[in-house]
Amino acid sequence: MIDLTLLRENPDVIRASQRSRGADESLVDQAIELDRSRRELLQKFEALRAEQNVFGKQVAAAPKEEKKALVDQAQELAARTKEASAEADAAGAKLNEVLFKIDNVVIEGVPSGGEEDFVLVREVGHKREFDFEPKDHAQLGEQLDIIDIERGVKISGSRFYFLKGWGARLELAMMQLALDQAFAAGFTPLITPTLVKPSVMQGTGFLGEHSSEIYYLPNDDLYLTGTSEVALAGYHSGEIMEIDEPVRYAGWSTCYRREAGSHGKDVTGILRVHQFNKLEMFSYCKPEDAEAEHERLLAWQEQMLQKCELPYRVIDVAAGDLGSSAARKFDVEAWVPTQGKYRELTSTSNCTTYQARRLNTRYRDENGKPQTAATLNGTLATTRWLVAILENHQQEDGSVLVPAALRPYLGGLERITAKA
RNA sequence: GGAGAAUUCGCCUAGUGGCCUAUGGCGCACGCUUGGAAAGCGUGUUGAGUGAAAGCUCUCAGGGGUUCGAAUCCCCUAUUCUCCGCCA
């Protein structure tokens, strides 16, 4: 949720942000008007309530014979107060409805426009030249007997798979490498619940335009999370935290996504699947530290890509392609040889105070006053990385060289080869 | 799944319809005292909304209700604990 004070004092900033996202600018004016009428109704109600409170004391103190008359008057006052209260509540609810629709204010410098309008930040590593025809990860996975898509589909339907043998170990190796890196950097590991209550899903902002992406269990009124960000953002909801240095968590969880509306996209292999594992970084920090923290998260992500010896590029995602909570987002995309293009492996978002305001997560400033915290998140490893690792490190004989950083987690294995 | 008990300010706790505008302690902060410290004494110590401010309003797990008036009575929900049942 956006900051009401900003809405009142500097609505042009919000209008400009909505414009650069291609979102509805008129919401800002609606919100301003609703805020005005809400305050007016609230003052009316509070004045009546104050009168009623005074009256209550008079009734209590009055001699018996006067009570009857006073109570009659008080009844009438109580009725009016109740009505005013209902009006003020309704106005507040209307305002909230509109406020929830306004997206986070994008940070200055974020490119305007849609998916294609990103800005390239940098390109790192060398795209490998193959002197043979490279195979795609699904082929490699099948031939090496480490990814079994056919049986995944048999058991659970399209976009499901088994990771098998070295494939299973490779995923765990990558996740542990990421966890160790995060731990060394001071992150607290958290293995999170993957089923959450509607209020948490709502609070993290995932029930908006992306609600069709989410699995829901009606019998239990619970949602399956598409990222541990949901649980990590909810972790300190309603709390006033101690934040000196950023408070950092590394969330390990399985993630579930319906991939509704992506029929026909990335149908082969494990690039786009309904269930995968992910190690997610999450930071709570002071708003003034958020941009610096965002750079740090990005740097940690790049470190991981480098440890996996993958060529990649970093892009500054355009405003129209940001989630509603993000004020800026960097994607790190790895080169996928068989597709001849970069594909997103990680994404890091600076949600500034937008997400924390909804979830009521605060910290105390130097004066001891509670203030809304800033939240940031970023991927450190996910199942999708296997695509890039397999394809980029494949050899002519169909084997795959294991990046040196992962070997200690695989009992020193240097190369994944097909069974004889 | 069934039965019962509980939920008050960071923690513990008082509180059975109006003098609760919530008690007391611990902790914490500031001050006095002291050569310095401890002890002692004093003051402060939930948070939100609204207003230029004084102030006003809300906040006793959450939501609804009864009442002129609710921490207190009623209903619903959540959580915790105890017992019973079932179960990997």
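This is a quick look at the core of chain A and at one helix, H10.

So, the model is predicted: local features need pLDDT of at least 70, side-chain atom pairs count only at pLDDT 80 or more, and totals for chains, interfaces and linings use all residues. Residues are numbered from 1 along each chain as its sequence is written, with chains lettered from A and ligands numbered from 1 in the order in which they are written. On pLDDT, the predictor's confidence in each residue from 0 to 100, chain A averages 92.

Okay, the core. The largest nonpolar one has 100 residues; by nonpolar core I mean buried Ala, Val, Leu, Ile, Met, Phe, Trp, Tyr and Cys joined through C-beta atoms within 7 Å. Buried is 20 or more other C-beta atoms within 10 Å of a residue's own, exposed is 12 or fewer, partly exposed is in between, with C-betas placed from the backbone. Helix H7, residues 166–184, gives the most to this core, with 7 residues. (Helices are DSSP H or I runs of at least four residues, strands E runs of at least two, numbered from the N terminus.)

Now H10, residues 290–307: it reaches 26 Å from its first C-alpha to its last. Which residues of H10 are buried? Ala 290, Glu 293, His 294, Leu 297, Leu 298, Trp 300, Gln 301, Met 304 and Leu 305. They sit on the same side of H10 because they cover an arc of only 155° around the axis, going by directions from the axis to the C-beta atoms. Turned away from that side are the exposed Ala 292, Glu 295 and Ala 299. After H10 comes Glu 309, with a positive phi near 55°.

Technical notes. The expected span of a helix is 1.5 Å times one less than its number of residues.
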